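Here are three short exercises to work through with the model open beside you. Try each task before reading its solution.

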Amino acid sequence: MHLTPRRRPSVPRLLLRVVMSLFALAVLSERPVIAQGVDPTPSATLIAVTDSVQLEVLDWGGKGPTLILLAGMGHSAHVFDGFVHRLTPHLHVMGITRRGFGASSRPRRGFDSTTLVHDLIAVLDSLGLQKASFAGHSFAGSEMSILAARFPERVDRLIYLDSGFDYRQMMDRIGVATALGSPQPPPARYKPWTVVDWTIYAERSSGAGFPESEVRAMFRISADGTVQEPDRDPETLRWMLDGIEPAPLTQIRAPTLAIYATPTSAEVMYPSWYAFDDSARQQGRTVYVAVAAEHALQRTRFKREVVGSRQIIITGARHYLFLTHPGEVANEILNFMLGS
């Protein structure tokens, strides 16, 4: 998630590649769009989880069972701003921005899975919620698995949004190197980079985008509207990757839905395939084969070890499936949360 006005952004590139390749089935995706419906304006509160750390908690309102949304690595809860209006007619929807990002505190420690899960428990306690349902995208799947295994009494239902994987195992097997080999679209020749310009680049990278509110939460924006560096400690992503713990999948007992995105080819995974040269296309095919194979193994393992879990596979979707296929994802979430 580094980005400069004159060069190909390194931030979407790192976050895009690492987050995507390791944690989802398309190795590209970290970008924004403003075309995901009218963004509801959530109420935002800072909740103390330790003496020195506060987390941003968003409340989009709605009536019904409480569903808490957890973003992927590098994101704030605002990444869901354009999606949640599909859920609030039936659910009370909230979101938590983990430490290190957005409006939450920026400590230099506490990015291991155990600490991140204790942060979630502290938020539940502060809100007076004995239990809640959770829907997590990408990296958040690791937190949800550990939360459900260690604190089963605090979890009602789990929804994995292209996140039903053991990220520790996946990292150890395909590694960051695979993700960083993912090709990026040719950089634009115009400047400076405004928020909208960055969303265009991001759409070219991953095919679906984030609300403008999320771009503003991710980056520093100058007075003239130019997107600057990521608004976080540059070491945060490394700390998070290093702190991933194995997923205790066999210990999950909550009703569980795992929705997966499965691009059918490298051409589908990379929106800017048409603009790639031969070298970039070869890189893209190599990454696609490695990631697709690993994700297939991970899906099989998840279904086997999370007893009674239900899987939905959206063929042709990309990693940010709640943005690329919002209607399908919202329908499955509502069916799972409210269906008999």
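The expected span of a helix is 1.5 Å times one less than its number of residues. Keep in mind that this is a predicted model.

**Exercise 1.** Find how far helix α5 reaches from its first C-alpha to its last, and set that against the expected value.

*Solution.* Start with the limits: α5 covers residues 195-206, which is 12 residues. The expected span at 1.5 Å a residue is 16 Å, and the helix reaches 17 Å, close to that value. Next, look at burial: among the buried residues of α5 are Val195, Trp198, Tyr201 and Ala202. Finally, step past the end of the helix, where Gly207 follows with a positive phi near 90°.

**Exercise 2.** Describe how helices α2 and α3 cross.

*Solution.* First take the axes of α2 (residues 113-127) and α3 (residues 140-150): they come within 9 Å and cross at roughly 70°. Angles of 65 to 115 degrees count as roughly perpendicular, so α2 and α3 are roughly perpendicular to each other. The crossing is right-handed. Now list the partners: residues of α2 including Leu116, Val117 and Leu120 meet residues of α3 including Ile146, Leu147 and Arg150. By type, the residues of this contact divide into 6 nonpolar, 3 polar and 2 charged.

**Exercise 3.** Is Ile314 buried or exposed?

*Solution.* Locate Ile314 in strand β10 (residues 310-315). Buried means under 20% relative accessible area; Ile314 has 10%, so Ile314 is buried. Then check its surroundings: leaving aside neighbours within four places in sequence, Ile314 is in contact with residues including Ile259, Tyr260, Leu321 and Val329. Asp162 is 152 residues away along the chain, yet the C-alpha atoms of Ile314 and Asp162 are separated by 9.8 Å.

Key. Residues are numbered from 1 along each chain as its sequence is written. This is a predicted model: local features need pLDDT of at least 70, side-chain atom pairs count only at pLDDT 80 or more; totals for chains, interfaces and linings use all residues. Side-chain values use heavy atoms; hydrogens and water are left out. Axes are lines fitted to C-alpha atoms, for helices over the stretch in contact, and angles run from 0 to 180 degrees between N-to-C directions. Helices (H or I, at least four residues) and strands (E, at least two) are DSSP runs, numbered from the N terminus. Angles under 35 degrees count as roughly parallel, over 145 as roughly antiparallel, 65 to 115 as roughly perpendicular and the rest as oblique. A crossing is left-handed if the near helix is turned anticlockwise from the far one by less than a right angle, and right-handed if clockwise. Contact means heavy atoms within 4.5 Å. Ala, Val, Leu, Ile, Met, Phe, Trp, Tyr, Cys and Pro count as nonpolar, Asp, Glu, Lys and Arg as charged, and the others, Gly among them, as polar. Buried means under 20% relative accessible area, exposed over 50%, partly exposed in between (1.4 Å probe, protein chains only).
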